[in-house]
Amino acid sequence: MGIPMEPNLAEIHVPSGPTSIQQRQTLEGLTLQQLITRKDNLEAELKALGAVLDSHGVTMQTSLLTFDGFPRSDIDVAQIRVTRARIITLRNDWKDLMDKIEKGLHEHHAKYKNSIENNTPVSANGLSSTQTESPRPAQSQPSVPETPFAKVNSVEPESPANEAGLKAGDLIRRFGDAIWSNHERLRKVSETVSQNLGRPILVKVSRGSTGASQELDLRLTPRQNWGGRGSLGCHIVPI
């Protein structure tokens, strides 16, 4: 008798919410501010879906099968699979949104630079000339989404990570310039560490349960010869 296999989550049909193709079509013609609003709404849904997984005590990687290959009976396997599939869809949609937002920001900055040279006001949504509102480019830029992409598994005593305040269980949202969309299975984190030996790196983490998590900004200074392995003294895994 064959062992049942867990289905590919990417192939699961999720009836609710727009598809990635539908989103790409609806993004056309939206202003920069509307794109940012769409991004904020998408992130809120991702956070809510993350809370669903937390309520079951699982992550995107947790196995839903028993050791002998059957669906686990202690969790709602069907709901978790649908939730995971929706998260995968939304993460792809988020990447499309950020591409559009980045393009919109470049266009806005070009217009703003041109307005400075020609003394022509440009509004925060990219419109120009007769707008009475003064340009505020800094406020028009969206904050970069910082979805957790890695987890701290362990921290060595007296290590640089321990001195920075990192703790086991912390979810890393930003590590220098590395975020969810560009960390490349933590390759960018490794590059950031090697390029900043002896210099502090901004590390943003979430600590605690989803309902009562803390958002912390830490300064981690990699260094060698601190008395243990590596230059950080912690074990980080992608999520």
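**Entry 1: cover over α6**

I started with what lies over helix α6 in this predicted model. The cover on its buried residues includes β2 (171-175) and β3 (201-207). I then listed which residues of α6 (residues 187-195) are buried, and got V189, T192 and V193. They lie on the same side of α6, because the arc they cover around the axis is only 100 degrees. Turning to the other side of α6, I found S194 and Q195 exposed.

**Entry 2: the sheet**

Since β2 and β3 had come up as cover for α6, I looked up the sheet next. In what order do the strands of the open sheet stand? I read β4-β3-β2-β1-β5, with antiparallel pairing, for the 5 strands. β4 (214-220) and β5 (234-238) are the edge strands; each has a single partner strand, so one side of each has no neighbour in the sheet. I also noted the twist, which averages 35 degrees from one strand to the next.

I went on to the pairing of β3 with β4. How many bridges join β3 to β4? I have 7 written down, and the two strands run antiparallel. For a landmark on screen, I picked R207, which stands opposite Q214 in β4.

**Entry 3: helix α2**

Next I checked the length of α2 (residues 32-56). With 25 residues at 1.5 Å a residue, α2 should span 36 Å. I found its end C-alpha atoms 37 Å apart, which agrees.

Which residues are buried in α2? My list reads L32, L35, I36, K39, L42, L46, L49 and L53. I put a friendly pencil mark beside K39, a lysine that is buried in α2 along with leucines such as L42 and L46. Moving just past the end of α2, I stopped at G57, where phi is positive, at about 70 degrees.

**Entry 4: the chain as a whole**

Last, I stepped back to the whole protein chain. I counted 6 helices and 5 strands in its secondary structure. Reading from the N terminus, I wrote the elements down as α-α-α-α-β-α-β-α-β-β-β.

What percentage of the 239 residues do the buried ones make up? I noted 35% for the protein chain. For the exposed surface of the protein chain I have about 14100 Å², with carbon and sulfur atoms supplying 50% of it. I finished with the contacts between residues at least 6 apart in sequence: 64% of them join residues at least 24 apart.

How values were computed. Residues are numbered from 1 along each chain as its sequence is written. This is a predicted model: local features need pLDDT of at least 70, side-chain atom pairs count only at pLDDT 80 or more; totals for chains, interfaces and linings use all residues. Side-chain values use heavy atoms; hydrogens and water are left out. Buried means under 20% relative accessible area, exposed over 50%, partly exposed in between (1.4 Å probe, protein chains only). Helices (H or I, at least four residues) and strands (E, at least two) are DSSP runs, numbered from the N terminus. The arc is that of the directions from the helix axis to the C-beta atoms. Contact means heavy atoms within 4.5 Å. Accessible areas come from the Shrake-Rupley method with a 1.4 Å probe; for residues, only the protein chains shown count as cover. Two strands pair if DSSP finds at least two bridges between them. Axes are lines fitted to C-alpha atoms, for helices over the stretch in contact, and angles run from 0 to 180 degrees between N-to-C directions. The expected span of a helix is 1.5 Å times one less than its number of residues.
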